[in-house]
2 protein chains.
Amino acid sequence: MILKDNNIKITPQRLVVLEYLDKNCTHPTADEIYSYLKKKNPSLSKTTVYNALETLSKHGIIQSLTISGYELRYDLDHGMHHHFYCKICGRIVDIELKCPNVEKMKKYGHEIEEIHGYIKGICKKCLKEKDKK
Amino acid sequence: MILKDNNIKITPQRLVVLEYLDKNCTHPTADEIYSYLKKKNPSLSKTTVYNALETLSKHGIIQSLTISGYELRYDLDHGMHHHFYCKICGRIVDIELKCPNVEKMKKYGHEIEEIHGYIKGICKKCLKEKDKK
DNA sequence: ATGTTAAATTGTAATGATTACAATTTAGTA
DNA sequence: TACTAAATTGTAATCATTACAATTTAACAT
C-alpha cells in the first residue's frame with residue numbers, strides 16, 4: 001500500500017482523504033474534501049485534512065495546484081499531465097500532454113522537481129453556451 | 001502609450017505601478033509593490049494597487065502568477081516564457097522557452113487564452129550553498 | 001496482549017492576502 | 001470651466017491557511 005511504501009503512518013483520516021482523491025478527479029479544494037468527508041466522519045477536523053494533504057504532497061503522492069489563484073487544489077498523481085482551467089465555470093480538466101522540454105530543462109543549472117502546465121481559457125461546454133446567445 | 005492604446009484611463013497611480021513592474025523583473029507581490037511605492041507616494045492606497053494590477057491584468061498588459069501558492073505575483077509580459085520557482089529561496093526566475101504545444105492545444109476544443117509553465121525545484125545558487133555543507 | 005512513545009488528530013485562535021464598500025477625488029470630454 | 005463616469009482611498013469584512021496546545025492513537029517492543 002502506498003502509505004506503507006512511503007513510511008507514512010497509516011491513519012483512518014489519511015486513508016479517507018486518499019480514497020476521496022482517488023475516486024474524485026475534480027481537483028477539489030481542502031474544504032471540499034473536508035465538507036464531504038465530514039458527513040461520514042463527524043470527528044474529522046479540517047486541520048487534519050490540511051495535514052494529510054501536506055504529508056501526501058510532500059511525498060509526491062498527490063500534487064497541489066495553484067491554478068485558480070486564491071486557493072489550492074489537489075490531484076492524485078497519475079503520471080504527467082497538464083491542467084486546463086475554464087475562466088467561466090471554474091472547472092479544471094486534465095490535459096494529457098507530453099512536454100518535450102522536461103529533459104532539456106536541466107541545462108539551466110537548476111534542480112527540477114515539479115513541472116506544472118496551466119492553460120487557461122474557456123472550455124468546450126462554456127463556448128457552446130455562449131454561442132446559443 | 002500602452003494605457004491609452006488599451007483605453008485605460010491614465011492615472012498617476014497606474015503609471016507608477018506599471019513603471020515599477022517595468023523596472024523590476026522580480027515578480028513582486030501586490031504588497032511589495034505597494035510598500036515600495038508608498039514611500040514616494042504617501043497617499044497611495046493598497047486597494048488602488050490591487051485595482052491597478054487587476055485592470056492591467058485584464059487587458060493582458062501584465063500577467064498574474066499563482067506559482068507560489070499563497071499569494072499572487074505579477075509580471076510585465078514580455079513575450080512567452082515560463083517560470084522557475086526555487087523552493088528554498090523562493091525566488092522566481094524567467095525561463096526563456098518556446099512551448100511547442102501552444103498551437104496543438106486547440107484540438108481539445110477549448111479556447112486558449114493563457115499558458116503558464118511553472119517549474120519548481122532548487123535553483124543554481126541554492127544548490128551551491130547546499131554543496132558547501 | 002500490554003505499555004510506551006513519538007507522531008497524529010482536534011478545535012480554537014491567529015494570520016495574512018484579497019475583496020467589499022461607501023465617501024471623496026479626478027481624468028477625460030463637452 | 002463644468003460635468004460625469006470612473007478611479008482612489010481607508011476601513012472593515014472575508015476566507016483560505018497556519019499555529020498551537022491538549023488529547024488521542026499507530027506502531028513497535030516487551
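Mentor: Start with classes: Ala, Val, Leu, Ile, Met, Phe, Trp, Tyr, Cys and Pro count as nonpolar, Asp, Glu, Lys and Arg as charged, and the others, Gly among them, as polar. This is a predicted model; local features need pLDDT of at least 70 and side-chain atom pairs 80 or more, while totals for chains, interfaces and linings use all residues. Residues are numbered from 1 along each chain, chains are lettered from A and ligands numbered from 1 as written, and side-chain values use heavy atoms, without hydrogens or water.

Trainee: Which class gives the most residues to the surface near DNA strand D?

Mentor: Near means a heavy atom within 4 Å. Four residues there are charged and six are nonpolar. The remaining class has eight residues, and that class is polar.

Trainee: Which helix gives the most to that surface near DNA strand D?

Mentor: Helices (H or I, at least four residues) and strands (E, at least two) are DSSP runs, numbered from the N terminus. Helix 4 (46–58) of chain A, and helix 2 (12–23) and helix 4 (46–58) of chain B, each supply at least two residues. The top contributor, with three residues, is helix 4 of chain B.

Trainee: What share of the atoms of DNA strand D within 4 Å of the protein belongs to sugar or phosphate?

Mentor: A:Y50 shows one such meeting: an N or O atom of its side chain is 2.7 Å from a phosphate oxygen of strand D. B:T47 meets a base instead, with a side-chain N or O atom 3.2 Å from a base oxygen. Bases make up the rest of those atoms, and the sugar or phosphate share is 75%.

Trainee: Which residue has a side-chain atom 3.1 Å from a phosphate oxygen of DNA strand C?

Mentor: Among the residues that come nearest to strand C are A:T11, A:T48 and B:Y50. A:Q13 has a side-chain N or O atom 2.9 Å from a sugar or linking oxygen of strand C. A:S43 also lies 2.9 Å from a sugar or linking oxygen, but through a polar backbone atom. The phosphate oxygen is met at 3.1 Å by a polar side-chain atom of A:R14.

Trainee: What area is buried between chain A and chain B?

Mentor: Buried area is the accessible area (1.4 Å probe) that two parts lose on being put together, summed over both. Each chain brings 33 residues to the contact (heavy atoms within 4.5 Å). Carbon and sulfur atoms give 56% of the buried area. The total is about 2900 Å².

Trainee: Which element gives the largest share of the side of chain A that touches chain B?

Mentor: Strand 4 (92–96), strand 5 (111–122) and helix 5 (124–132) of chain A each give two or more residues. Eleven bridges join one of these, strand 5, to strand 5 of chain B, and the two run antiparallel. One bridge sets A:G121 against B:I112. With twelve residues, the largest share comes from strand 5 of chain A.

Trainee: How many salt bridges are counted between chain A and chain B?

Mentor: A salt bridge is a side-chain nitrogen of Lys or Arg within 4 Å of a carboxyl oxygen of Asp or Glu. A:K87 and B:E114 form one, at 2.6 Å from N to O. The count between the two chains is four.

Trainee: How far apart in helix 2 of chain A are A:K23 and A:E19?

Mentor: These two form a salt bridge, with their closest N and O atoms 3.1 Å apart. They are four residues apart in helix 2, so their separation is about one helical turn.

Note on methods. Polar contact = N/O pair within 3.5 Å; in protein donor to acceptor, adjacent residues only side chain to side chain. Pairing = 2+ DSSP bridges.
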